[in-house]
Amino acid sequence: MKKTLLSLVIACALNQTMPTLAVEEGFKSIFNGKDLAGWAGRPQHWSVEDDAITGRTTKAHPAQGNNFLIWTNGTVSDFELRLSYKIVPNNDKGFANSGIQYRSKDFDNFVVGGYQADFEAGQTYSGILYEERMDGILAQRGQKTTVKTVEGKTKVEVVGSLGKSEDIQAKIKDKDWNDYVVIAQGNHLQHFINGVPTVDVIDERTGGKAAKEGVLALQLHAGDPMTVQFKNIRIKTLSGNAAAKSDVDLLQGDWAPVEMVANGEKVSDDDLANIKLKIKGNEYFLETKDGPRQGSFRITERGNPKSMDVTTQGGDELPAIYEISGDTFKACYAVNGAARPTEFKSSAGSDHVLAIYKRKAQ
């Protein structure tokens with residue numbers, strides 16, 4: 001059975017991971033879990049409770065306008081940020097709103113403006129890209145957009161979909177901890193909540209509007225009493241791009257598997273250690289203990305999930321879905337003539353293979 005399972009996995013070589021599954025190599029923590037060292041904000045609103053940064057408004061201490069807890073140990077440019085958040089309304093209207101500011105401007109008195117990875121206690125705004133104090137919403141939840149300057153004004157063009165807003169909302173936990181990932185590289189901006197992509201934006205604006213660097217901050221929104229908390233805040237610096245790369249570009253290089261599941265059965269760590277994958281152009285080259293294999297692939301970046309079609313050296317066609325983010329790459333593909341998967345899952349008898357890879361250090 002072991003050899004059969006491994007052969008099933010190796011037959012289809014392109015497979016990979018979402019941000020929440022990525023190995024933490026290269027990330028540094030920017031919150032010590034004890035106090036607000038390295039952060040600055042209004043003391044009546046910000047503290048550390050239960051090992052989490054806590055922002056709270058009350059009737060006695062309203063926000064008096066949106067204000068922010070600012071990271072004081074530098075600015076951010078090209079990066080991947082990971083954190084967990086929880087937001088709870090302390091009012092009878094169910095209102096609570098917050099966000100993560102990045103590449104933003106400091107307007108003094110703990111007021112910040114610029115890119116914001118939004119989230120709330122409601123059903124609409126979590127995951128969107130909002131530009132605080134500037135051009136407003138640059139991408140609604142589930143949208144791929146290109147933002148341009150047309151006749152001196154900002155124009156947002158919807159160029160694709162990441163899925164239905166309500167389906168993304170269904171993955172977000174109410175009054176509980178959620179994982180947020182923000183990736184900014186060149187003019188390419190991406191948000192993910194609980195591993196689900198929420199927006200994908202290319203900012204082509206001119207005149208300095210497409211921010212390349214700025215402060216990192218956490219928002220406490222004006223309005224009815226509420227509480228927002230943040231923990232496990234860590235960041236990784238990325239090399240800059242003049243423009244966003246295609247997924248084919250991002251796939252180039254050497255990969256090592258960290259997990260594989262075929263027909264519901266996990267491949268052993270010993271077998272994973274013998275697998276190496278190289279992607280060059282639209283071709284893949286696989287090394288295994290049973291010898292080398294190769295083939296080609298085509299991808300379609302539209303849709304949620306994105307699709308991939310793999311052709312083995314023997315001519316077999318393997319329909320797949322995939323996700324790529326940073327140094328991780330995830331795919332689920334069909335073998336033995338099975339239909340293309342619709343989710344990243346391999347169960348017994350499905351003839352689906354789930355594979356997660358990590359990019360090997362150069």
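Q: Which residues touch the most other members of the largest nonpolar core?
A: This is a predicted model, where local features need pLDDT of at least 70, side-chain atom pairs count only at pLDDT 80 or more, and totals for chains, interfaces and linings use all residues. Residues are numbered from 1 along each chain as its sequence is written, and side-chain values use heavy atoms, leaving out hydrogens and water. A nonpolar core is a set of buried Ala, Val, Leu, Ile, Met, Phe, Trp, Tyr and Cys residues joined through side-chain atoms within 4.5 Å, with buried meaning under 20% relative accessible area, exposed over 50% and partly exposed in between (1.4 Å probe, protein chains only). Of the 42 residues in the largest one, those touching the most other members are Leu81, Ile100, Tyr102, Leu218, Phe230 and Ile233.

Q: How many residues make up the other core that lies apart from it?
A: Among the members of this other core are Ile275, Ile299, Phe329 and Val353. Its residue count is 27.

Q: What is Ile233 in contact with, leaving aside its neighbours within four places in sequence?
A: Contact here means heavy atoms within 4.5 Å. With those neighbours set aside, the list for Ile233 runs Lys28, Ser29, Ile30, Phe31, Trp39, Ile53, Leu81, Arg82, Leu83 and Leu218.

Q: In what order do the seven strands of the open sheet come?
A: Strands (E, at least two residues) and helices (H or I, at least four) are DSSP runs numbered from the N terminus, and two strands pair if DSSP finds at least two bridges between them. Pairing in this sheet is antiparallel. Strand E2 (39-40) and strand E10 (136-139) are the edge strands, each pairing on one side only. The order is E2-E5-E16-E7-E8-E9-E10.

Q: Which residues of E5 are buried on each side?
A: Strand E5 (residues 67-71) is mostly covered, with five of its five residues buried. Both faces are covered. One side has Asn67, Leu69 and Trp71, and the other has Phe68 and Ile70.

Q: Which residue in E16 stands opposite Asn67?
A: E5 pairs with E2 over two antiparallel bridges, and Ala40 has Ile70 of E5 as its bridge partner. Four bridges also join E5 to strand E16 (residues 215-220), again antiparallel. Opposite Asn67 in E16 stands Leu220.

Q: What is the bridge partner of Ile100 in E8?
A: Strand E7 (residues 97-106) and strand E8 (residues 112-120) run antiparallel, joined by eight bridges. The partner of Ile100 in E8 is Ala117.

Q: Why is the pair of Tyr102 and Tyr115 stacked, tilted or edge-to-face?
A: Rings of Phe, Tyr and Trp (its six-membered ring) pair if their centres lie within 6.5 Å; planes under 30 degrees apart count as stacked, over 60 as edge-to-face and the rest as tilted. The structure holds eight aromatic pairs. In this one the ring centres are 5.5 Å apart and the planes of Tyr102 and Tyr115 lie at 35°, so the pair is tilted.

Q: How many residues apart in sequence are the parts that Phe119 and Phe230 tie together?
A: These two form an edge-to-face aromatic pair, 5.9 Å centre to centre with 75° between the planes. Phe119 lies in strand E8 and Phe230 in strand E17 (residues 226-237), so the parts they tie together are apart in sequence by 111 residues.

Q: Which residues form one aromatic cluster with Phe119 and Phe230?
A: Phe119 is buried at 0% relative accessibility, and Phe230 is buried too, with a relative accessible area of 0%. Joining them in the cluster are Tyr85 and Tyr180.
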